[in-house]
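Trainee: I'm new to this one and would like a close look at a single part. Could you walk me through it once we have it on screen?

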Amino acid sequence: MKIPPQNHDLTLPAWGPYTKKYSGISHIPAAGDGVRFDLAVFPGFYRRRVDLPNVTFESGYHVWAAAPDLSCYTLRHELEWKDRVYADISFAPLGPDARLIRAELCNRTDAPQNLVLHYMASAWDPTPAGGAFPIPGPDVRLPPAAAFCQARDYEELRFARPRPDDHLVFDGLRRGEVPVEGFTIGYGVGFGGAAAPGPRPRPDGAGDAACYRFTLPAALEEPWLGVRYRNPGPAAAGFTVSGPAGQSPLPLPPAETPAMAWAPLAGPLPAGDCLLTLTGAGTGCPQLDCLVLCDRAGRAAVHIGLRGPGARPALDPHPDEGFLTLQYPHIRECYGLLWTWAPAELRQIENDELDIFLRYTVHDHVSATLRGNGRGHYANVFQRPIPLAPGETRVIYGAVCCADTPAAAAACCRRLAALGSAGFEAAWQAAAAALAPPPALPAGRGLQLGQQLMQAVLCTNVVYPVYTRGQYIRHNTPGRWWDSLYSWDSGFIGIGLAQYSLRRAFDCLNAYLTPVEDDEAAFIFHGSLVPTQFYLFAELLNRTGSRELAAACYPRLRRYYAFLTGQAEGSTTADLAGGLLRPWDYFYNSGGWDDYPPQREVHRRGLEGCCTPVITTAHAIRCARILAYTARRLGRDGEADALLADARRFTDALQRHAWDGQAGYFGYLLHDAAGQPQGLLRDENGVNFNMGLGGASPLFAGACTPDQAAGLWAKLQDDTRLWSRCGLSTVDQSAPYYRQDGYWNGAVWMPYQWMFFKAALDAGLADFAFRIADTALRLWQTECARSYHCFEHFMIESGRGAGWHQFGGLSAPVVHWYAAYYRPGTLTTGFDTFVRRASWRPDHTGLTAELDATRPGRFTVLAALAPGAVRLTASAPAVCTPRHDGLWEITFTPDAPGPITFTLEP
């Protein structure tokens, strides 16, 4: 597997479904500065209802089909449910700088319909996560001899009092970096109380020091340092500036909005590099935007501010030719927009949102400009009316392109128009071949709609911009409501993407790993401290057998692991004597399960400093074993031994302190003031609070005794305990704190079911592994057929899906299960068995594979081949059983760990 350089961005085209507003297609300008061009495309009823396809809530459209590389995709807009009046809006390449817009309008009723088709063009400056404010970008003008530096671009920043997140800054920000409205790039550096909020109160900032490097084009005889800053509140702030000529004070008066402060330095500075260190006085709440170094006379020529608005383009319409060009102030490229339906009207909409405003103005049939709050701008190509007879389908084409100049964009539109309907349709048919589903076994064909929709959601849930490590990136999001990074969801997103594209799966992993020398981000972290990147890595390693992959990822994953387990500088996860890991200094959520009962109790009682969950340690054990196997593959036997010693140490801690024999679960461990173990977390009646998947999690870590494992497997399969008609309940249904209306408590989610599915393969429990997967797949298909939605979770009481409706993150195991059981060419193992090599016959009628079993005893692997009988030969005792035509469950019983080869032949 060819491994690209470290990069947090995704290797996807500049055109794609990256919007955070209304569905359609977006373009990422070459500047990569976070500005995005959007083209929303959607239908409506003429002079009646218009449904805006808002991507942040259910709004009547569905992601219908998508190619893994996003070369083409289709969005279904339901005007009359279900599939009575609808439009399939599709996008496909017309060369690298243009995209086809294909609208297939369908009337499946016995009445005529009058429809409309909107093209809605807009441009958007970046915002911090959550969209708190726009970042228009800097307007900086300096005298010739000045040197400039953004505050976030320090050489080094050290806090006088270390913080738990000094080496794991949230969202991949730099140490001290905070979003600030009005700052030139939207981010600055906060000191003291102005630093980013954390799990503990922030110190006052006294002694905090940031070092900056300036490159002076000429010597400065009377140097002055200017700082653009904000200091909210009544107290003045200040710094001591230390440099080659000595020290100088830098006072920062109170300032609610960005202001400039100037201070003379102690003496002349020569041309070339100059290091200045700013040391905080510990007063006020200073936030630094940027710094400029110049001579005394040059101060008046310094201008630091923000660019003007970027939403309103210069429009050049060519209505007789059916196109217009749009040049936006903050985008170097010019866009062209082509339409083919007549009559059409070009309108301008001066408002930031359309959900209410366009509905409110739907009956304004005369205005060319719809004036609203003026905080946004849309160029609207309004194609209407479009009559459809009963039963009629009509296809309407358009195109969007970008070029260097308005003249070039106009020329591109004319070239595209010359293709005509036949050329457009030929381009679509060629591209749409990528939407065809991979071959499936006959037994799985009734599940294909759910798989089609999940592939579409997984592949298109990409947003731009997301900001991390000083750059704007495309990012795989679990759902567009989460306009941010999300660590634990992203591992499962990658596992899902691996079923379609190893490249995209690797991108998903690569986005969250950091160089080993990165002192501020042991990995990219947002949300729950659940290390799913290790499971994604194992999936990729099993699918590729790539030593290059192992060599590229192992050092970065080992650093990630060291921080997770409290063995890296600054990590506080291992600061209690019980030997279990404590994640609460980094996030409120231990296992990703927001309302999991013992977790809620920890926070209710303020036990974050003295209570350790089970799940974090269980994950750490499994991560240690994945890394140990990888280290052995790379010839790093000493490191492998150390990692296995960690796994034994964590297992011993669970056994000594966390097992509750009466409940038959592992429990949250309490500690006294000295950090010594002090019993388990229980409810008011003495019941173990961890009766649920968290209490069973050492099972998938391989950390249970045989008796413990037998008891936990029994609970997992008992429909009065953890099993339900929808699959595995997060919380034991017999527990006094089980409820029917929780987010996780009372619901079935896919991710931990996948963990126990893999563990069942490790245990040779092929029937239960299939029961988990089959229940989930049929539940998924049923809901997708009913609603066309891909939900977060399923309520046990009703069996219906709930939560976000276009969710690709933690629901991704449904595509892994489908591939495992129904897609020929798939070999699936548990956690304890790795695939070193797999060689398939071209028609998938046979397989030769080499496995590495890391422990002795019974385990099962799944091999999906083309239908037909096979013969098994193996180097270890094995039994081969068909689950259905083409799917073989091979159960091995080796006496010792080591390599196993086997062959399946017709």
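Trainee: Which residue in β44 is the bridge partner of T826?

Mentor: That's A864. Before we go on, keep in mind that this is a predicted model, where local features need pLDDT of at least 70, side-chain atom pairs count only at pLDDT 80 or more, and totals for chains, interfaces and linings use all residues. Residues are numbered from 1 along each chain as its sequence is written, and side-chain values use heavy atoms, with hydrogens and water left out.

Now, back to that pair. T826 and A864 are bridge partners, and the strands involved, β41 and β44 (residues 859-864), run antiparallel to each other over 3 bridges. Strands here are DSSP runs of E with at least two residues, helices are runs of H or I with at least four, and both are numbered from the N terminus. Two strands pair if DSSP finds at least two bridges between them.

Zoom out a little and you'll see an open sheet of 4 strands, in the order β41-β44-β47-β46, with antiparallel pairing. β41 (826-828) and β46 (878-884) sit at the edges with a single partner strand each, so one side of each has no neighbour in the sheet. From one strand to the next, the twist averages 20°. Angles like this run from 0 to 180 degrees between N-to-C directions, using axes that are lines fitted to C-alpha atoms, for helices over the stretch in contact.

What lies across this sheet? Helix α16 (residues 766-787) does, over β44, β46 and β47 (887-892). The helix runs at about 30° to β46. Contact, by the way, means heavy atoms within 4.5 Å.

There's another sheet to set beside it. This one is also open, with 4 strands in the order β42-β43-β48-β45 and antiparallel pairing. Its edges are β42 (833-840) and β45 (871-874), and each has a single partner strand, so one side of each is left without a neighbour. Here the twist averages 20° from strand to strand. β42 pairs with β43 (residues 847-853) in the antiparallel sense over 7 bridges, and V835 stands opposite L851 in β43. Helix α10 (residues 615-633) packs on this sheet, touching β42 and β43, with its direction at about 55° to that of β42.
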